[in-house]
Amino acid sequence: MADDGATTTVEAGGSTAYWTPGSHILWRYRENAGARFHIVRPVTVVRDDADLLAVWLAPGTECLKPALADGTPVHQEPLDSRYTKPRTVQRGRWFGTGVLKLARPGEPWSVWLFWEPGWRFKNWYVNLEQPLARWAGGVDSEDHFLDICVYPDRSWGWRDEDEFAQAQQDGLMDARAAEGVREAGRAAVETIRSWGAPFTDGWQHWRPDPSWAVPSLPEDLDRTPAHVSS
């Protein structure tokens with residue numbers, strides 16, 4: 001995969017270089033209870049250092065996304081069969097406004113920022129997930145279904161609790177793993193209540209560099225990295 005800037009190299013000793021702003025990387029999610037990558041999003045690096053990885057998912061970006069084997073979009077399938085019917089993956093575009101994604105090393109969630117057209121800030125979205133694993137071409141994780149919406153007035157609410165429950169019922173997450181997700185969610189809520197980073201950092205006022213090109217989806221988007229680090 002070609003980059004517009006420096007890429008991460010993971011050395012035997014575990015040290016990891018940082019991507020420069022403007023670099024193109026992949027943000028990928030593995031299937032739950034599977035090894036295949038079913039969500040792959042090319043993104044542009046905004047910031048990358050010991051404290052934070054920030055990336056921009058531009059409108060119109062070609063992405064890989066899951067679908068049912070018959071082509072039905074996942075969100076259109078009734079919940080009781082959404083996770084049990086055969087699936088495939090397909091290419092599609094990220095429609096609507098772009099998304100700014102923020103992740104701190106080792107944290108079991110990332111925070112996404114959404115805007116309405118015209119850059120009117122809409123909300124933060126706490127996506128509970130495995131801590132990101134870094135490799136030369138990007139970062140990998142596994143989504144944990146349960147999410148939290150946080151609004152400009154600092155109110156918040158749980159999202160996708162029904163999907164979280166269904167995933168457990170369908171065997172995609174055992175009781176121990178589910179409790180770990182709940183614990184991560186409670187920790188995220190404490191951060192929201194105390195209005196800690198990144199909510200207090202002013203990212204809602206950030207704007208992408210207009211010179212940035214929209215990154216493309218490479219052919220080898222599902223390659224397995226030889227070395228990763230968290």
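## Pockets, ring pairs and unusual backbone sites

Glutamate 107 is found in the loop between β6 (99-103) and β7 (109-116). The model described here is a predicted one. The relative accessibility of glutamate 107 is 16%, so the residue counts as buried. Its side chain is engaged in a polar contact: the partner is the side chain of arginine 104, at 2.8 Å. Arginine 104 appears again in the lining of the largest cavity.

That cavity is the one cavity of 30 Å³ or more that the structure holds. Its volume is about 30 Å³. The lining consists of Arg104, Trp109, Val111, Val126, Ala188, Thr191, Ile192, Ala197, Pro198 and Phe199. Two or more of these residues come from each of β7 and α3. The greatest contribution is that of α3, with three residues. By class, eight lining residues are nonpolar, one is polar and one is charged.

Two members of this cavity lining, Ala197 and Pro198, also mark an unusual backbone site. The peptide bond from alanine 197 to proline 198 is cis, and its omega is near 5°. Proline 198 is placed in the segment after α3 (175-193).

The largest pocket has a volume of about 1,400 Å³. Strands β2 (37-48), β4 (62-68), β5 (87-93), β7, β8 (120-129) and β10 (138-150) each give two or more residues to its lining. The largest share is from β4, which supplies five residues. In total, 37 residues line this pocket. Nearest its centre lie Ile39, Arg41, Pro66, Val74 and His75. The lining of the largest pocket divides into 18 nonpolar, seven polar and 12 charged residues.

Positive phi values occur at two residues described here, alanine 33 and tryptophan 119. Alanine 33 has a phi of about 60°, although it is not a glycine. Its place is the loop between β1 (24-30) and β2. At 61% relative accessibility, alanine 33 lies over the 50% cut-off and therefore counts as exposed. For tryptophan 119, also not a glycine, phi is about 65°. Tryptophan 119 is found in the loop between β7 and β8. Its relative accessibility is 32%, so tryptophan 119 counts as partly exposed.

Aromatic contacts form a further theme. A pair of aromatic rings is described by the distance of the centres and the angle of the planes. The structure holds 14 aromatic pairs. One of them joins tryptophan 56 and tryptophan 119. This pair is stacked, with 5.8 Å from centre to centre and 25° between the planes. The partners belong to distant parts of the chain, 63 residues apart. Tryptophan 56 is in strand β3 (residues 53-57), while tryptophan 119 is in the loop between β7 and β8. At 7% relative accessibility, tryptophan 56 counts as buried, whereas tryptophan 119 counts as partly exposed.

Another pair has an edge-to-face arrangement: tryptophan 124 and tryptophan 195. Their centres are 5.3 Å apart, and the angle between the planes is 85°. Tryptophan 124 lies in strand β8 and tryptophan 195 in the segment after α3, so the pair ties together parts that are 71 residues apart in sequence. Both tryptophan 124 and tryptophan 195 are buried.

The four tryptophans of these two pairs belong to a cluster linked by ring pairs. The cluster is made up of Trp56, Trp115, Trp119, Phe121, Trp124, Trp195, Phe199, Trp206 and Trp212. Of these residues, Phe199 is also found in the lining of the largest cavity.

Rings also lie beneath charged groups in this model. The charged end of arginine 28 sits over the ring of phenylalanine 37, at 3.8 Å from the ring centre. Likewise, the ring of tryptophan 112 has the charged end of lysine 101 over it, 4.1 Å from its centre.

Conventions:
Residues are numbered from 1 along each chain as its sequence is written. This is a predicted model: local features need pLDDT of at least 70, side-chain atom pairs count only at pLDDT 80 or more; totals for chains, interfaces and linings use all residues. Side-chain values use heavy atoms; hydrogens and water are left out. Helices (H or I, at least four residues) and strands (E, at least two) are DSSP runs, numbered from the N terminus. Buried means under 20% relative accessible area, exposed over 50%, partly exposed in between (1.4 Å probe, protein chains only). A polar contact is a pair of N or O atoms within 3.5 Å; within protein, one must be able to donate a hydrogen and the other to accept it, and residues adjacent in sequence count only if both atoms are side-chain atoms. On a 1 Å grid over the protein atoms alone, a cavity is a set of points where a 1.4 Å probe fits but cannot get out, and a pocket is an open set with protein on both sides within 12 Å along at least five of seven lines; lining residues have an atom within 4 Å of a point. Grid points are joined across faces, edges and corners, and a volume is the space filled by probe spheres set on the points. Ala, Val, Leu, Ile, Met, Phe, Trp, Tyr, Cys and Pro count as nonpolar, Asp, Glu, Lys and Arg as charged, and the others, Gly among them, as polar. Rings of Phe, Tyr and Trp (its six-membered ring) pair if their centres lie within 6.5 Å; planes under 30 degrees apart count as stacked, over 60 as edge-to-face and the rest as tilted. A charge sits over a ring if NZ of Lys or CZ of Arg is within 6 Å of the ring centre and within 35 degrees of the ring normal.
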